Amino acid sequence: MLERQGSIELCPDGPLLLRGDFEILGADGEPIDARRKTVAMCRCGLSSIKPFCDGTHKASGFRTEE
């Protein structure tokens with residue numbers, strides 16, 4: 001069995017940062033190619049490249065509780 005190790009960082013008023021060895025699965029269960037070891041995942045729901053962050057949260061005024 002392959003052991004994966006990575007981390008998730010919650011950015012205040014911004015994306016989730018995934019770092020390390022991880023796998024991203026789409027709603028259909030199929031893997032999504034992250035193409036790098038650190039990726040920013042959208043939390044505001046407004047990104048045009050979901051599930052990845054495109055920075056739209058800044059212009060939209062997205063705020064988190066952390």
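These are my notebook entries on a predicted model of a protein chain.

**Entry 1: the whole chain**

I began with the overall layout. The protein chain has 1 helix and 5 strands. Going along the sequence, I wrote the order down as β-β-β-β-β-α. Next I looked up the extent: the C-alpha atoms fill a box of roughly 40 × 25 × 20 Å along the principal axes.

How many of the 66 residues count as buried? The figure I noted is 29%. For the accessible surface I got about 4,900 Å², and carbon and sulfur atoms hold 51% of that.

I also checked the contacts in the chain. Taking those with a separation of 6 or more, 24% are between residues 24 or more positions apart. Then came the charges: I have 9 positive and 11 negative ones, and their mean positions are 7 Å apart.

**Entry 2: strands β1, β2 and β5**

I turned to the strands and started with β1, residues 6-10. This strand pairs with β2 in the antiparallel sense, over 5 bridges. One pair I looked up here is Ser-7, which stands opposite Arg-19 in β2. The two strands make a hairpin, with 5 residues between them. In that turn I found Asp-13 with a positive phi of about 60 degrees.

Which strand does β2 also join, apart from its hairpin partner? I found 4 bridges from β2, residues 16-20, to β5, and these two strands run antiparallel. Two of the residue pairs went into my notes. Leu-18 has Val-39 as its bridge partner in β5, and Arg-19 has Thr-38. That puts Arg-19 in my notes twice, since Ser-7 stands opposite Arg-19 as well.

I then followed the side chains along β5, residues 38-41, and saw that they alternate. Val-39 and Met-41 point to one face and are buried. Thr-38 and Ala-40 point to the other face and are not buried. So I can label the two bridge partners: Val-39, across from Leu-18, is on the buried face, and Thr-38, across from Arg-19, is on the other.**Entry 3: His-57 in the helix**

My next stop was helix α1, residues 56-60, where His-57 lies. Is His-57 buried or exposed? His-57 counts as buried because its relative accessibility is 9%, and the cut-off for buried is under 20%.

I listed what His-57 touches, leaving out residues up to four places away in sequence. The list is Asp-13, Gly-14, Pro-15, Cys-44 and Phe-62. Asp-13 was familiar from the hairpin turn between β1 and β2. I also took a distance to Gly-20, which is 37 residues from His-57 along the chain. Their C-alpha atoms are separated by 24 Å.

**Entry 4: Ser-60 in the helix**

Ser-60 lies in helix α1 too. I have this residue down as partly exposed, because its relative accessible area is 38%.

What does the side chain of Ser-60 reach? I found the backbone oxygen of His-57 at 3.1 Å. A polar atom of the Ser-60 side chain also lies 3.4 Å from the backbone nitrogen of Phe-62. Phe-62 is one of the residues that His-57 touches.

My last lookup was the distance between Ser-60 and Leu-46, which are 14 residues apart along the chain. Their C-alpha atoms are 8.3 Å from each other.

Definitions and conventions. Residues are numbered from 1 along each chain as its sequence is written. This is a predicted model: local features need pLDDT of at least 70, side-chain atom pairs count only at pLDDT 80 or more; totals for chains, interfaces and linings use all residues. Side-chain values use heavy atoms; hydrogens and water are left out. Buried means under 20% relative accessible area, exposed over 50%, partly exposed in between (1.4 Å probe, protein chains only). Two strands pair if DSSP finds at least two bridges between them. Contact means heavy atoms within 4.5 Å. Accessible areas come from the Shrake-Rupley method with a 1.4 Å probe; for residues, only the protein chains shown count as cover. Lys and Arg count as positive and Asp and Glu as negative; His and the chain ends are not counted. The place of a charge is taken as NZ of Lys, CZ of Arg, CG of Asp or CD of Glu. A polar contact is a pair of N or O atoms within 3.5 Å; within protein, one must be able to donate a hydrogen and the other to accept it, and residues adjacent in sequence count only if both atoms are side-chain atoms.
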